[in-house]
Amino acid sequence: MTSRARHQQHHQRALRGDMHRTRARSIRPMVANRQRGSTHHRSAAFSAPEVWYEPKEQGAIRYVMHAAGNGYVHPVTIDEVRRRIAELQARFTQTIEVVQFSAMTRKRSLFPLYGMQWGSTIYLYPIEASLQETYHRPPSPQQLIESRMFGGVWNQVGEIWTLTWTREAIRDFYLNNVLVHEIGHVNDLRNTNVAARERYANWFATEYGYRSSRGRL
């Protein structure tokens, strides 16, 4: 299995009011990926989601489930994601329109993702059914710290690195890191620099995902 990168996404602070909602729905933001493995840049054309959902301003979040794919599983369920979103402040979730559980296709498996944000949609991608990820280069310091925060275990054999999860650990990671990170990007209407958006998303996920889920806010 090829390498996994971490994410490259966009996010900033959540804004209140009609201006926030209008801008979020009228401007199609660039694709924001959370990748696994290699930190090499992936073009938006290659990484773009399979489906673009036009904003409908219907109020309720729509959930779309696709089969994970042979050898893969979705670490979380629709009900778990729905409950986690409900725990966040409404100002952070009011512009989310769709959460899609995407399939792992052959093309996607070359550069697999944990999650992606595109406009008002959040895409969550499956993980190997074995719950073991394989990397062909060392993880970044951020990747090491973050995965260990949620119980991921790293091992190295020669030039191959593996990241192994328990079912509870990967569920925790998706609900309190991946999902919240993407929600942060949905709210980012000001930062346009990829690095700045990623810094904000990392902070948002730590503050409203990790710390909040541990009762540290």
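Which two strands form a hairpin with two residues between them, and which residue in the turn has a positive phi? Keep that question in mind while you orient yourself, remembering throughout that the model on your screen is predicted.

**The whole protein**

Begin with everything shown as a cartoon, where the secondary structure comes to eight helices and 11 strands. The protein has 217 residues, and 53% of them are buried. If you switch on the surface, you are looking at an accessible area of about 10,200 Å², of which 53% belongs to carbon and sulfur atoms. Among contacts between residues at least 6 apart in sequence, 77% join residues at least 24 apart.

**Strand β7 and its partners**

Now select β6 and β7, for these are the strands that form the hairpin, and G119 in the turn between them is the residue with a positive phi, of about 65 degrees. Strand β6 covers residues 113–118, and it pairs with β7 in the antiparallel sense over four bridges. To find one of the places where a bridge is made, select W118, whose bridge partner in β7 is T121.

Add β5 to the selection, and you will see that β5 and β7 pair in the parallel sense over four bridges. Here V98 has T121 as its bridge partner in β7, so that T121 is worth keeping highlighted. Next, show the side chains of β7 itself: T121 and Y123 point one way from the strand, I122 and L124 point the other way, and all of them are buried.

**The largest nonpolar core**

Which residues touch the most other members of the largest nonpolar core? Select V81, V99, W165 and I183, which hold that place in a core of 35 residues. To see where the core draws its members from, colour α3 (78–87), β5 (98–101), β7 (121–124), β11 (160–164), α7 (167–186) and α8 (194–213), the elements that give two or more residues to this core. Helix α7 gives the most, with 10 residues.

Stay for a moment on V99 and display what surrounds it. Leaving aside its neighbours within four places in sequence, V99 is in contact with I61, R62, Y63, V64, V81, I85, I122 and L124. Apart from the largest core lies another core, of nine residues, and you can locate it by selecting W52, V98, W118 and Y125, which are among its members.

**Salt bridges**

Turn now to the charged side chains, where the count of salt bridges comes to seven. Select E80 and R171 as the pair to start with, and look at their closest N and O atoms, which are 2.9 Å apart. E80 lies in helix α3 and R171 in helix α7, so this salt bridge ties together parts that are 91 residues apart in sequence. E80 counts as buried because its relative accessibility is 16%, while R171, at 26%, counts as partly exposed.

Move along to D172 and R214, a salt bridge whose closest N and O atoms are 2.5 Å apart. Since D172 lies in helix α7 and R214 in the segment after α8, the pair ties together parts that are 42 residues apart in sequence. D172 is buried, with a relative accessible area of 14%, whereas R214, at 30% relative accessibility, counts as partly exposed.

For a salt bridge within a single helix, select R211 and E207, whose side chains meet at 2.7 Å, N to O. Both belong to helix α8, and because they are four residues apart, they are separated by about one helical turn. R211 is partly exposed, with a relative accessible area of 29%, and E207 counts as buried at 18% relative accessibility. Before leaving the charged residues, add E168 to E80 and R171, since salt bridges that share partners join these three into one network.

**A last stop at L131**

Finally, select L131, which you will find in the loop between β8 (127–128) and β9 (132–135). Is this residue buried or exposed? L131 counts as buried because its relative accessibility is 6%, and the cut-off for that word is under 20%. Its backbone deserves a look as well, for L131 has a positive phi of about 65 degrees although it is not a glycine. Most residues other than glycine have a negative phi.

Definitions and conventions
Residues are numbered from 1 along each chain as its sequence is written. This is a predicted model: local features need pLDDT of at least 70, side-chain atom pairs count only at pLDDT 80 or more; totals for chains, interfaces and linings use all residues. Side-chain values use heavy atoms; hydrogens and water are left out. Buried means under 20% relative accessible area, exposed over 50%, partly exposed in between (1.4 Å probe, protein chains only). Contact means heavy atoms within 4.5 Å. Accessible areas come from the Shrake-Rupley method with a 1.4 Å probe; for residues, only the protein chains shown count as cover. A nonpolar core is a set of buried Ala, Val, Leu, Ile, Met, Phe, Trp, Tyr and Cys residues joined through side-chain atoms within 4.5 Å. A salt bridge is a side-chain nitrogen of Lys or Arg within 4 Å of a carboxyl oxygen of Asp or Glu. Two strands pair if DSSP finds at least two bridges between them.
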